[in-house]
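Visitor: I am new to this structure. Please take me through one part of it closely, the aromatic residues and the nonpolar core around them.

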Amino acid sequence: MKTSKSYTRATHALLIPYRFITRSLYRKIWFCFFVTITITVIALGLDYYVQTSSDIKDRAIGNMELISSQSAATLESYMLNVKNFAWEYFGDKDFQQFVKDLGADPETYSHYSTKFSQFMSRNPVADLIMVSQLNGGNRLTSGGLSKASSLDIDYDQLKTIAIANDGKGVWLPTVAIDPRTKKSTKTLIFVQAVKTINFNSDNPVVGVMFIRLSSDFIKGWLGEIGNEEQGQYELVDAKDGKVMFALDEKQLGERLTGLDPLFAFSYHVNSRYLYADHQGERTLFVSNKLDNTSWVLVGQVPLNVLLEQVNELALRTLIIGAVCLLGAMIIASILSSKIITPLKQLKKGIISIEKGDYNISVPVSSKDEIGYFVRRFNQMAKEINMLIVKVYEADLVKKDAEIKSLQSQINPHFLYNTLGMIDSLAALHDDDRISMISSNLAKMFRYNISAGHMSTLQAEIRQLEIYLSIQQVRFSDRLSYSIDMEDGLQTILTPKLLLQPLVENSFMHGIDHLPAGGEIRIRACSLSDTDAAITVWNNGPPIHPERLASLQTMLEQCQQQNYAGNAASSIGLFNVQYRIKLVFGNHYGLALDSGEEQGTTVTVWVKKMRVEEAHDEINDRR
């Protein structure tokens with residue numbers, strides 16, 4: 001109950017603005033202008049914003065994919081140079097012998113050390129080249145001892161992988177320690193086993209060659225390809241999603257969660273992009289895979305940076321739209337007042353007529369449609385004032401005629417008293433039939449003229465029982481009848497005197513034509529939770545097929561304006577059909593069926609209407 005009251009109060013509160021607007025034509029016109037202009041501005045602004053932002057996003061994706069692809073290709077070319085450099089020594093027998101006897105010949109040691117240094121000077125991407133024997137005892141290092149010492153962290157693991165690849169070079173992640181800051185950073189290193197090539201032996205591995213990428217070079221390379229508008233780039237290990245290289249040292253070691261599709265590369269697909277939430281803001285990510293490594297070049301740019309210009313333009317559009325809306329509302333107010341002022345005068349005139357002052361005359365100030373309405377109103381008020389006297393005189397004549405008509409009517413109580421006198425005389429002469437007939441006739445008459453046009457099905461059945469009891473006296477042994485009503489249907493409502501015309505038809509067209517054995521059966525049953533059916537059956541002569549088809553067609557097409565024009569023999573059917581449809585709706589009504597062996601059956605489909613819903617239902621049908 002409390003919930004219902006709260007809902008009612010909330011609904012009432014929501015309707016207050018609506019009622020405020022609808023009670024004034026001025027406010028309705030003003031509101032229409034406001035809604036129309038607002039919707040137009042918002043629709044145009046949204047369309048422009050969505051289209052422009054979509055174009056900017058597409059261009060940003062294309063630019064970032066191009067930059068990342070070109071940058072990855074640049075780094076891959078450096079890495080290819082490193083790989084080719086190492087491969088040159090793979091088949092060099094002198095170099096193989098040098099590694100096998102590493103440290104034994106100082107001149108050869110200096111020769112290869114100079115070559116390695118020259119390569120690193122031409123290719124700053126590499127900061128360390130080291131050749132080591134298998135036992136790690138003797139090494140040739142180019143790039144500084146401080147840089148070489150950091151390789152000891154992963155030396156054993158890298159050597160094991162190089163030997164397992166049996167001379168095939170491979171790029172692996174490793175750690176480089178900055179000698180200045182003493183901080184470790186991740187980088188890539190190319191490892192390749194050095195083997196003695198001898199067709200008469202098993203080609204044993206004699207050492208391992210290491211070429212490491214410079215972390216300083218990679219950071220500089222990332223700084224060149226990234227900017228505020230084109231995004232910031234970083235190298236990420238696709239295996240665990242951790243950031244290996246980034247300009248912002250705070251991002252080093254950070255794990256990129258929820259970005260698995262960025263690393264889902266397939267054959268001939270080395271680039272991906274997606275939108276995701278990163279550090280509290282929506283961000284565009286673009287990735288490009290580095291060949292022969294598990295590293296991925298990832299670029300990212302916040303959407304608010306991409307859409308900064310279009311957001312500023314959208315703000316200016318909203319400001320311009322608001323100013324235009326304000327100006328339009330001022331113009332709408334001026335135009336509305338030109339229309340509303342004469343309408344207000346017309347409203348005052350209507351209020352005066354409602355109060356009985358028909359001498360009102362509204363001033364006319366325009367020649368448009370509103371001026372026409374005002375002139376016609378003034379003419380109407382004048383004519384109404386002239387007709388009042390005529391109507392008053394006609395009303396007096398009408399009342400005098402009604403009085404005379406009432407004087408000529410028979411008082412219903414006189415009929416009740418007369419039937420009572422017949423009943424008393426029948427009792428005096430011991431004739432129970434007359435007494436029963438007069439008593440039942442009085443009950444039927446009282447039911448017919450009682451107030452209201454709806455009655456319960458139980459009262460209708462009781463009326464039929466009274467009617468059939470009178471007919472039983474008339475037909476005696478020629479007539480037998482039965483009435484069966486399902487429990488629960490006693491209280492449903494039907495139009496008053498709905499069934500009696502159908503039973504009368506059973507006598508007129510059925511029982512009257514039988515010398516004996518006449519039978520009438522009345523049955524009421526439920527069809528569903530909402531519908532019920534009442535059947536009236538008699539065993540009289542069947543209806544001729546052509547007549548039956550004609551009646552069925554006319555019942556389907558029965559309308560209020562034409563049922564009264566049908567033959568007297570079927571007017572009862574059309575009356576019942578129309579009343580059912582009027583009260584219950586077009587889904588309900590009569591069905592007529594007749595045959596030589598099955599007799600004649602009239603079925604009435606009605607709605608299970610209870611007393612509490614009858615008033616609203618009937619008003620809806622009207």
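Guide: What follows is a walk from the aromatic rings to the core, with a few stops elsewhere. Keep in mind that the model is predicted.

Start with the rings. A pair of aromatic rings is described by the distance of the centres and the angle of the planes. The count of aromatic pairs comes to 17. Take F95 and Y112. Their ring centres are 5.1 Å apart and their planes stand at 70°, so this pair is edge-to-face. The cut-off for that label is an angle over 60 degrees. F95 sits in helix α3, residues 93-100, while Y112 sits in helix α4, residues 106-122. The pair therefore ties together parts that are 17 residues apart in sequence.

Are these two residues buried or exposed? F95 is buried, because its relative accessible area is 0%. Y112 also counts as buried, at 5% relative accessibility. Buried here means under 20%.

Now the pair of F98 and Y109. Their ring centres lie 6.4 Å apart, with the planes at 55°, so the pair is tilted. This pair too links distant parts of the chain. F98 belongs to helix α3 and Y109 to helix α4, 11 residues apart. F98 counts as buried because its relative accessibility is 5%. Y109 has a relative accessible area of 30%, so Y109 is partly exposed.

Step back from the pairs. F85, Y89, F95, F98, Y109, Y112, F116 and F119 form one aromatic cluster. Two names from that cluster, F95 and F116, come up again in the core.

In soluble globular proteins, nonpolar side chains tend to be buried together. Here, the largest nonpolar core has 51 residues. F95, F116, M209, I211 and L284 have the most contacts inside this core. Helix α2 gives the most to the core, with 12 residues.

Look at I211 next. Leaving aside neighbours within four places in sequence, I211 is in contact with ten residues' worth of names to look up, including V82, F85, A86 and A126. L128, I129 and W171 are also among the contacts of I211. So are L188, I189 and F190.

Turn to V82, one of those partners. V82 has its place in helix α2. V82 counts as buried because its relative accessibility is 0%. V82 and I211 are 129 residues apart in sequence. In space, their C-alpha atoms are 7.3 Å apart. Beyond neighbours within four places in sequence, V82 is in contact with F119, V125, W171, F190 and I211. W171 and F190 thus appear in both contact lists.

Helix α2 covers residues 25-90, and F31 also has its place there. F31 is partly exposed, because its relative accessible area is 36%. W30, F31 and F34 form a nonpolar patch on the surface. Together they have about 250 Å² of accessible area.

There is another core, apart from the largest one. That other core has 44 residues, among them F475, L479, V503 and I534.

One last stop is L497. L497 lies in the loop between β13, residues 493-495, and α14, residues 500-509. L497 has a positive phi of about 60°, although L497 is not a glycine. With a relative accessible area of 24%, L497 is partly exposed.

How values were computed:
Residues numbered from 1 in each chain as written. Predicted model: local features only at pLDDT ≥ 70, side-chain atom pairs only at ≥ 80, totals over all residues. Heavy atoms only, no water. Patch = residues over 30% accessible without salt bridge, like charges linked within 9 Å, V, L, I, M, F, W, Y side chains within 5 Å. Areas by Shrake-Rupley, 256 points an atom, 1.4 Å probe, with all protein chains shown as cover. Salt bridge = Lys/Arg side-chain N within 4 Å of Asp/Glu carboxyl O. Helix = DSSP H or I, 4+ residues; strand = E, 2+ residues; numbered from the N terminus. Buried < 20%, exposed > 50% of the residue type's maximum accessible area, 1.4 Å probe, protein only. Contact = heavy atoms within 4.5 Å. Phe/Tyr/Trp six-rings, centres within 6.5 Å; stacked < 30°, edge-to-face > 60°. Core = buried A, V, L, I, M, F, W, Y, C linked by side-chain atoms within 4.5 Å.
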